[in-house]
Amino acid sequence: MKVSIYDETGELVQINERAPTTLMQAIRDAGLDIVAQCGGSASCGTCHVYVNDAWCDKLKPPNESEAAMLDFVEERRENSRLSCQIELSEDIDGLTVTLAPGSLF
Amino acid sequence: MLKDIIIVGAGQGGFQVAHSLRDEGYVGRITLIGDEDSLPYQRPPLSKTYMLGKTTDDALLFRPARFYADHKIDLVRGPATAIDRTNCRIVLADGGAVSYDHLILATGAHNRALPVPGADLNGVFGLRTLFDADVIAAKLKTAKSAVVVGAGFIGLEFAAVARSLGISVHVLEMADRPMARALSRETSNFFAEAHRSRGVRLDFRQDLIRIEGSSGKITGAVKADGERIDADLLVFGIGVLPNIALAQEAGLDIQNGIKVDAHLLTCDPSISAIGDCVSFPGADGEWIRLESVQNAVDQAKTVATRLVGRAAPYDAVPWFWTDQGDLKLQIAGMSAGYDSAVTLGKREEQSFSVLLFRRNHLIAVEAINRAGDFMAARKLLGRQISPSPAEASQPGFDLRAYEVAMR
């Protein structure tokens with residue numbers, strides 16, 4: 001499935017990912033330098049992305065752990081999510097996100 | 001102006017310092033020497049999702065291969081065999097040598113060996129490397145009965161994995177509670193109950209005295225009290241020892257690790273050291289060695305920043321996490337020396353936090369399935385702001401709200 005990621009300069013990187021994997025992994029595979037310090041355990045908040053509006057409702061809402069972590073990410077917005085908690089699947093083919101500050105190396 | 005930096009050790013710390021150097025604008029040579037066959041990878045998933053087949057090999061890597069070429073980081077397959085301090089060179093196993101202006105030791109740690117007869121039988125494993133994890137994961141497919149020696153983080157993460165696969169698990173621990181080195185009694189006891197309720201057998205104050213086998217393969221383990229446990233798999237996690245041999249042979253100061261100052265510099269001004277292998281001065285003048293991802297990462301950043309000209313002492317707030325089945329424990333700060341504790345939330349709901357104080361000052365928070373308290377604690381500890389135990393004991397006290405109020 002296709003994932004589109006805008007980095008901090010507004011550059012668009014697109015990647016084709018094979019599920020099952022997470023959005024965080026897709027961002028890594030796209031060659032983008034996301035911090036993601038805890039490696040996907042919802043314990044650090046540095047895999048933070050902004051999900052493009054069209055896609056927000058198509059994602060499963062955050063669980064309690066993720067919701068709690070989102071209160072602490074840098075520059076939180078309505079469409080903030082932890083990319084390590086988003087499982088990629090065909091029904092969100094085309095998912096588009098932007099890397100958030102604090103997640104960039 | 002530094003032109004040649006060598007990093008010995010391509011684990012969490014070694015990878016991070018290489019990355020941070022480039023990030024900070026260092027344009028000279030970086031040589032990253034590792035002694036494992038794979039590209040640099042993260043260890044935490046090895047005892048968790050990787051063991052269950054939920055994380056692929058690729059997902060373990062910090063970065064794909066092209067990252068190193070793109071960032072001009074020379075990956076060298078070691079091991080390094082000596083530090084020639086006089087000539088500022090690292091000698092490699094093949095006899096070759098690489099020169100440095102500055103050397104960073106990130107050699108990590110290795111598992112303490114299991115000192116009992118039978119430890120060399122097939123089916124007895126330590127768990128630290130990708131190689132270990134692969135071998136154990138294969139064994140898990142057919143194992144029926146596992147013994148785990150050591151109820152530390154690794155032992156219990158593995159126990160949870162094995163239990164979730166329906167394997168019978170029996171844990172032996174010499175202390176009187178699990179994760180005794182790192183946790184408050186309150187949290188330890190909760191985890192003991194939680195694992196037991198999931199069918200893990202936990203034996204405290206119990207020593208393993210020998211492992212029995214047949215045709216070279218493990219068949220059982222014998223405890224100090226004489227009980228024999230059937231087992232076709234044994235995983236031990238009884239602590240690690242810092243990898244100090246290179247540093248020691250080169251004459252650097254050693255004290256429970258490679259000794260460094262607050263800036264993470266060894267007694268040799270051209271050599272820094274970071275991560276699991278290092279012993280550094282804590283706030284109260286005691287020497288600390290921390291075994292965590294956070295410590296490796298933050299120490300790496302401290303060294304990188306110093307090497308590009310912006311020295312600052314290492315003073316990051318330690319934090320840590322462990323995932324054991326559906327139990328997520330996150331720890332902010334260090335609990336050693338606590339003299340009072342306040343629990344927020346409800347243990348019976350498996351979502352609570354233990355606030356640990358020393359002389360009325362918050363020194364650590366252990367959060368079980370309460371990420372909000374964990375993050376609030378990290379912020380408070382970083383700003384050295386603390387509720388008193390009395391405040392925290394008030395009904396309805398909310399650590400997250402307190403942190404926001406204190407901004």
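Reader: Which residue forms a salt bridge with Glu291(B), and how far apart are the closest N and O atoms?

Author: Side chains of opposite charge can pair when their charged atoms come close. In this predicted model, Glu291(B) forms a salt bridge with Arg181(B), and the closest N and O atoms of the two are 3.6 Å apart. Glu291(B) sits in the loop between strand S21 (287-288) and H8 of chain B, while Arg181(B) sits in the loop between strand S11 (168-172) and helix H6 (185-197) of chain B, so the pair ties together parts that are 110 residues apart in sequence.

Reader: How should I class Glu291(B) and Arg181(B), as buried, partly exposed or exposed?

Author: The class follows from the relative accessible area, with buried meaning under 20%, exposed meaning over 50%, and partly exposed lying in between. Glu291(B) counts as partly exposed because its relative accessibility is 25%, whereas Arg181(B), with a relative accessible area of 72%, is exposed.

Reader: Which residue does Arg198(B) form a salt bridge with, and where in the chain do the two residues lie?

Author: Arg198(B) forms a salt bridge with Asp326(B), with 2.9 Å between the closest N and O atoms. This pair links distant parts of the chain, 128 residues apart, since Arg198(B) belongs to the loop between H6 and strand S12 (201-203) of chain B and Asp326(B) to the loop between S22 and S23 of chain B. Arg198(B) is partly exposed at 28% relative accessibility, and Asp326(B) is exposed, with a relative accessible area of 54%.

Reader: What does Asp176(B) form a salt bridge with, and how many salt bridges are there over all chains?

Author: Asp176(B) forms a salt bridge with Arg185(B), in which the closest N and O atoms are 3.4 Å apart. Asp176(B) counts as partly exposed at 29% relative accessibility, and Arg185(B) is also partly exposed, with a relative accessible area of 41%. Salt bridges can also join into a network, as they do for Arg201(B), Asp203(B), Lys223(B), Asp225(B) and Glu227(B). Over all chains the count comes to 31 salt bridges.

Reader: Turning to the interface, how many residues of chain B are in contact with chain A, and what area is buried between the two chains?

Author: One can read an interface by its contacts, its buried area and its polar pairs in turn. Here 31 residues of chain B are in contact with 20 residues of chain A, and the area buried between the chains is about 2,000 Å², with carbon and sulfur atoms giving 49% of that area. Arg63(B), Met375(B) and Arg400(B) together supply 23% of the area that chain B buries against chain A, which is more than any other three residues supply.

Reader: How many salt bridges and how many residue pairs in polar contact are found across this interface?

Author: There are two salt bridges across the interface of chain B and chain A, and one of the pairs whose side chains meet in a salt bridge is Arg400(B) with Asp71(A), at 2.0 Å from N to O. Across the same interface of chain B and chain A, 11 residue pairs are in polar contact.

Reader: Which elements give two or more residues to the side of chain B that touches chain A, and which gives the most?

Author: The elements giving two or more residues include helix H1 (12-23), helix H8 (293-307), strand S22 (319-324), strand S23 (327-333), helix H9 (371-383) and helix H11 (399-405) of chain B. H9(B) gives the most, with seven residues. By type, the residues on this side of chain B divide into 13 nonpolar, seven polar and 11 charged.

Reader: How would I read a single loop residue such as Thr46(A), and is it buried or exposed?

Author: A useful order is place, accessibility and then partners. Thr46(A) lies in the loop between helix H1 (23-29) and strand S3 (48-51) of chain A, and Thr46(A) counts as buried because its relative accessibility is 16%. The side chain of Thr46(A) reaches the backbone nitrogen of Gln37(A) at 3.0 Å. Leaving aside neighbours within four places in sequence, the residues in contact with Thr46(A) include Ile34(A), Val35(A), Gln37(A), Gly102(A) and Ser103(A).

Reader: In which sense do strand S13 and strand S14 of chain B pair?

Author: Strand S13 (residues 208-214) and strand S14 (residues 217-223) of chain B pair in the antiparallel sense over six bridges. Gly213(B) stands opposite Ile218(B) in S14(B). The hairpin of S13(B) and S14(B) has two residues between the strands, and Ser215(B) takes a positive phi near 55° there.

Definitions and conventions: Residues are numbered from 1 along each chain as its sequence is written. Chains are lettered from A and ligands numbered from 1 in the order in which they are written. This is a predicted model: local features need pLDDT of at least 70, side-chain atom pairs count only at pLDDT 80 or more; totals for chains, interfaces and linings use all residues. Side-chain values use heavy atoms; hydrogens and water are left out. Two strands pair if DSSP finds at least two bridges between them. Helices (H or I, at least four residues) and strands (E, at least two) are DSSP runs, numbered from the N terminus. Buried means under 20% relative accessible area, exposed over 50%, partly exposed in between (1.4 Å probe, protein chains only). A polar contact is a pair of N or O atoms within 3.5 Å; within protein, one must be able to donate a hydrogen and the other to accept it, and residues adjacent in sequence count only if both atoms are side-chain atoms. Contact means heavy atoms within 4.5 Å. Buried area is the accessible area (1.4 Å probe) that two parts lose on being put together, summed over both. A salt bridge is a side-chain nitrogen of Lys or Arg within 4 Å of a carboxyl oxygen of Asp or Glu. Ala, Val, Leu, Ile, Met, Phe, Trp, Tyr, Cys and Pro count as nonpolar, Asp, Glu, Lys and Arg as charged, and the others, Gly among them, as polar.
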